[in-house]
Amino acid sequence: MREEKKLERLKQQGLYRKMIKVEPFDIDRSLIKGRPCLNFGSNDYLGMSEHPDLLEAFRTALDQYGLGQRASRYICGHHLLYENVEQKIAQWLHAESCLLFSTGYMANLGTLGALIEPEDLVLIDRCAHASLIDGVKMSKASYKVFRHNDVGHLEDCLKRYAHKYSMTWVVCESVDSIFGDILPIQNIVDLKERYAFRLIVDEAHGVGVFGKQGEGVIVEKDCFQNVEVRMITMGKALGVCGGAVLGSKSIVDTVINKGRTSIYTTAMPLPLAAGLLLSVDLVQKAEVQRAHLYKLIGLCEEAHSPIVPFYFEGAERVKEVSDFFLERGFFIPAMRVPTVPKGKECLRLTLNATHKIQDIQRLLKELSDFKRE
Ligand SMILES: Cc1ncc(COP(=O)(O)O)c(C=O)c1O
């Protein structure tokens, strides 16, 4: 059977995936594979997913509206609450307009598929998230890959290819989802003086974490007027679920009209939208959590964000090291091909504001002892 062969090949390459059963039992502790451990795999950067006010808002909305939304927003699933969330997010992130999606993956797929035309050119970062790659493929546009966060290489690509197309789009992430490094956004924006292109930035790991009120990297670096399209997810620092695209009225209206992952899907359950409405307020005010998170980031050498990679050679080795640390009470997921390019296999440590300084110090010591042995 074809599937059995495929699965066997994955096993031989050390790339076979299994879903891991996780039972949270404390704010930053979980039971993983039956072992109590500190969880360093969660993207709940500010610890919002268990915020009591958020849970209360969800419960109240559940009683008021019920759970399932029964239809797409374009049929009979629309509600004023979605518009309130969209307006609030747009205002927070200094954008003219915003459209909600059920997940960040759907936001990326629907947005890129709606905005980019088959005759356009896309220049996409080599390490871009799968949802961005799939969005580009959905658009049927030609694309070239530039080296990760390498502005020089991006400029080479612009110089060589952009003049052959009616429109060029540059697609990247503000905070890399695996390596945690920050987009050199100002240098990319500077290229606009010499080349005509539109910028699409995925702020999945930037929003909530960077900026005085968690507005993300693009606002923090005052580049929002030069970034035509931003996407965010609400499943990470906002502690809920969902995604959104931000841009001008005409950009967002185009996505409303042509975004297949918005049109052809049931609307997000209203209790989640009610949670989001409050979560945006809580995240804006979360200075204490952000300050603590920055302290934790400061403990990790060369870390730029709450995402900290530790490199080991080969898919099998990272899996072994991840299992070793799980036995010692630390869950740090292994990142393997195709999530990372070959040769970039690593443990991806994510810091959350719920972690304690002593826990990070203990883990860093164990990691450095392990590397030395
Ligand atoms: C950079 C990036 N974009 C998009 C997504 C997708 O977001 P969501 O989990 O809300 O679908 C993720 C999360 O996995 C991500 O890391």
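**Empty space and a bound ligand**

The second largest cavity holds about 40 Å³ of space. In this predicted model, the walls of that cavity are made by Asp125, Cys127, Ala128, His148, Asn149, Cys172, Glu173, Asp176 and Asp181. Sorted by class, four of these lining residues are charged, three are nonpolar and two are polar. Rolling a probe the size of a water molecule over the atoms is what shows where empty space is left.

How many cavities of 30 Å³ or more turn up in the count? There are two, and the largest cavity contains about 120 Å³ of space. The largest cavity is lined by 13 residues, with Arg73, Leu100, Phe101, Ala267 and Met268 closest to its centre. Strand β4 (97–101) and helix α10 (260–263) each put at least two residues into that lining. As for character, the lining of the largest cavity splits into seven nonpolar residues, five polar ones and one charged.

Next come the pockets. The second largest pocket has a volume of about 450 Å³. A set of 16 residues lines this pocket, and Glu301, Glu302, Val308, Pro309 and Phe310 are the ones nearest its centre. Which element gives the largest share of the lining of the second largest pocket? That is β11, with five residues. Both β11 (307–311) and α14 (357–372) supply at least two lining residues each. The class count for the second largest pocket is ten nonpolar, four charged and two polar.

Then there is the ligand, with 14 residues around it. Gly104, Asp202, His205, Thr233 and Lys236 are the closest of these. Helix α4 (residues 104–115) accounts for the largest share of the shell, namely three residues. The shell around the ligand comes out as nine polar, three charged and two nonpolar residues.

Several polar contacts can be picked out around the ligand's oxygen atoms. A polar atom in the side chain of Thr233 sits 2.6 Å from an oxygen atom of the ligand. For Gly104, a backbone N or O atom is 2.8 Å from a ligand oxygen. The side chain of His129 also takes part, with an N or O atom 3.2 Å from an oxygen atom of the ligand. Of the 390 Å² that the ligand exposes when taken alone, the protein buries 80%.

Zooming out, the protein has 14 helices and 14 strands. Its radius of gyration is 21 Å, close to the 21 Å given by the globule rule for 373 residues, so the protein is as compact as a globular protein of that length. Along the principal axes, the C-alpha atoms fill a box of roughly 55 × 55 × 50 Å.

Two spots in the backbone deserve a mention. The peptide bond from Val337 to Pro338 is cis, with omega near 10 degrees, and Pro338 belongs to the loop between β13 (334–335) and β14 (346–350). Asp222, in turn, has a positive phi of about 55 degrees although it is not a glycine. Where does Asp222 lie? Its place is in the loop between α8 (217–220) and β9 (229–233).

Conventions
Residues numbered from 1 in each chain as written. Predicted model: local features only at pLDDT ≥ 70, side-chain atom pairs only at ≥ 80, totals over all residues. Heavy atoms only, no water. 1 Å grid on protein atoms, 1.4 Å probe; cavity = no way out; pocket = protein on both sides within 12 Å on 5 of 7 lines; lining within 4 Å. Points joined across faces, edges and corners; volume = space filled by probe spheres on them. Helix = DSSP H or I, 4+ residues; strand = E, 2+ residues; numbered from the N terminus. Nonpolar A, V, L, I, M, F, W, Y, C, P; charged D, E, K, R; others polar. Near = heavy atom within 4 Å. Polar contact = N/O pair within 3.5 Å; in protein donor to acceptor, adjacent residues only side chain to side chain. Areas by Shrake-Rupley, 256 points an atom, 1.4 Å probe, with all protein chains shown as cover. Rg over C-alpha atoms; globule rule 2.2 N^0.38 Å.
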